Amino acid sequence: MIQSDAPANLTRRGFLGMPILLSGVTRPSDTLQGRAALRGITYGGAVAYAHLQDRDYRAAVLREMKMLVPENELKWESLRPSPTTYDFTKADALIRFARVHGKHIRGHCLTWHHQFPRWYTSVVHAGNASHILTDHIATVVRRYAGQMHSWDVVNEQVETWEANVDGIRVTPWLTLLGYGYMDLAFRTAHAADPQALLVYNDYALELNADWHAARRQRVVRLLQDFKSQGTPVHALGIQSHLTPDGVFDPAIFTNFLNHVAALGYTIIISEMDVVDKTFPADIARRDAMVADVYRRFWTAALAHPAVKVALTWGLTDKYTWLNTVRMAHRADGLSVRGLPLDDQYHKKPAYEVLLNAFATAPMKK
Ligand code: G3I
């Protein structure tokens, strides 16, 4: 008997009571989330509350994604209008939307060197930084305790080029509280929600390029430090914003995943998309090249047993952050096409490649 998991109004009983899928309706197992789930993988990505007003966007998110990550709604800039107040309006609404539709939700991010509220630099100093940091983390994490799959507790603290101390980026939290601020942040988050998976999240760890190699080494050393200090870190978030800065080499990437997994960490592909600025303007050729990057990256990533969560930083080119930043800007002025659906919500070759990568991935334990 074919189990139909489509909502009742989408099927009608046919011959011998067999369910018949009404035309134009996607079978759940033919969606990214459905196909991933068949292999024990969770697919999802960044979602912006403001865009949920767009009916087509909402329908695509609900159809394709099992895990939602607030793109900006859980960042300090959004949550902290003043040093003594919190505004959870947008975060609550997005988390309610996720729960109403049976979606997992992931928190992003509790500490970072971007998107500070305007008051931060004039208010936070060495004398109150620890209190302000721990109060924020405890308040935010406790509010959603038991509801979050995971939290990015520390985001992008490794830096091997710009201002850094031994490969650790010089950020306001590091300057005010020292290297130990990361241990403090993770312990505070763990105390507030012992069930949530706590994640160190970073970028430029995927390609065969010297600076990516230096960053991979520094991230592994940081993860070893956390382990030796007993810092409650459970996973590494590998952002995977794939740029033309280097070639993706599956063997090198798999070797890195092996190192991380050998330290006992689970791995989340947390923000995947493709910067296509060096690809030709022709849509068919460009989409085919983006799809090829998807195929080589996701085949290697999903082959690793420690990778069970696969996230893209958005779903449709219509709302990608890549169209708002200079580093992804195309000289021809055309919009970036780095996500599975185009700006009309049509499935691109990258979508089909990702669907197939899920279908051919080893079953996750
Ligand atoms: O909310 C304000 C709005 O009130 C104002 O009118 C508008 C115009 O300036 O700006 C809005 O804020 C923007 C915010 O996104 C919400 O849309 C910020 O200017 C803009 O900088 C911010 O961009 C976000 C970016 O992080 C900030 O660095 C992107 O949406 C978001 O996709 C991006 O995500 C990061 C991850 O958190 C970490 N990893 C890299 C990734 C890409 O940079």
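## Aromatic pairs

Let's start with the rings: there are 16 aromatic pairs in this structure, which is a predicted model. One of them brings F186 and F226 together in an edge-to-face arrangement, with 5.4 Å between the ring centres and an angle of 65° between the planes. Since planes over 60 degrees apart count as edge-to-face, that label follows from the angle of 65°.

F186 belongs to helix α8 (residues 181–192) and F226 to helix α9 (residues 210–229), so this pair ties together parts that are 40 residues apart in sequence. Both rings belong to buried residues: F186 has a relative accessible area of 0%, and F226 has a relative accessibility of 2%. Elsewhere, W76, F116, Y120 and W173 are joined into a cluster through ring pairs.

## Charges over rings

Two arginines are worth a look in your viewer. R80 places its charged end over the ring of Y86, at 3.9 Å from the ring centre. R215 lies over the face of Y203, and here the distance to the ring centre is 4.1 Å.

## The largest pocket

Y203 turns up again in the largest pocket, where it is among the residues closest to the centre, together with E156, H241, W321 and M327. This pocket has a volume of about 840 Å³, and 30 residues line it.

What is the make-up of the lining, in nonpolar, polar and charged residues? The lining of the largest pocket divides into 10 nonpolar, 11 polar and 9 charged residues.

## Salt bridges

The structure holds 19 salt bridges. A good one to begin with is R27 with D30, where the closest N and O atoms are 3.4 Å apart. Both partners are partly exposed: R27 has a relative accessible area of 45%, while D30 has a relative accessibility of 27%.

R337 and D287 form another salt bridge, with their closest N and O atoms 2.8 Å apart. This pair links distant parts of the chain, 50 residues apart: R337 sits in the loop between β13 (307–312) and α12 (349–360), and D287 in helix α11 (residues 283–303). Are R337 and D287 buried or exposed? R337 and D287 are both buried.

## A loop and a network

The loop between β13 and α12 also holds both partners of the salt bridge between D317 and K348, which are 31 residues apart. Their closest N and O atoms are separated by 2.8 Å. D317 is buried, with a relative accessible area of 4%, and K348 is buried too, with a relative accessible area of 3%. In addition, D276, R286, R330 and D332 are joined into one network by salt bridges that share partners.

## A buried valine

Finally, have a look at V140 in helix α6 (residues 129–143). Why does V140 count as buried? Buried means under 20% relative accessible area, and V140 counts as buried because its relative accessibility is 0%. V140 and L79 are 61 residues apart along the chain, and their C-alpha atoms are separated by 8.9 Å.

Notes. Residues numbered from 1 in each chain as written. Predicted model: local features only at pLDDT ≥ 70, side-chain atom pairs only at ≥ 80, totals over all residues. Heavy atoms only, no water. Phe/Tyr/Trp six-rings, centres within 6.5 Å; stacked < 30°, edge-to-face > 60°. Helix = DSSP H or I, 4+ residues; strand = E, 2+ residues; numbered from the N terminus. Buried < 20%, exposed > 50% of the residue type's maximum accessible area, 1.4 Å probe, protein only. Lys NZ or Arg CZ within 6 Å of the ring centre and 35° of its normal. 1 Å grid on protein atoms, 1.4 Å probe; cavity = no way out; pocket = protein on both sides within 12 Å on 5 of 7 lines; lining within 4 Å. Points joined across faces, edges and corners; volume = space filled by probe spheres on them. Nonpolar A, V, L, I, M, F, W, Y, C, P; charged D, E, K, R; others polar. Salt bridge = Lys/Arg side-chain N within 4 Å of Asp/Glu carboxyl O.
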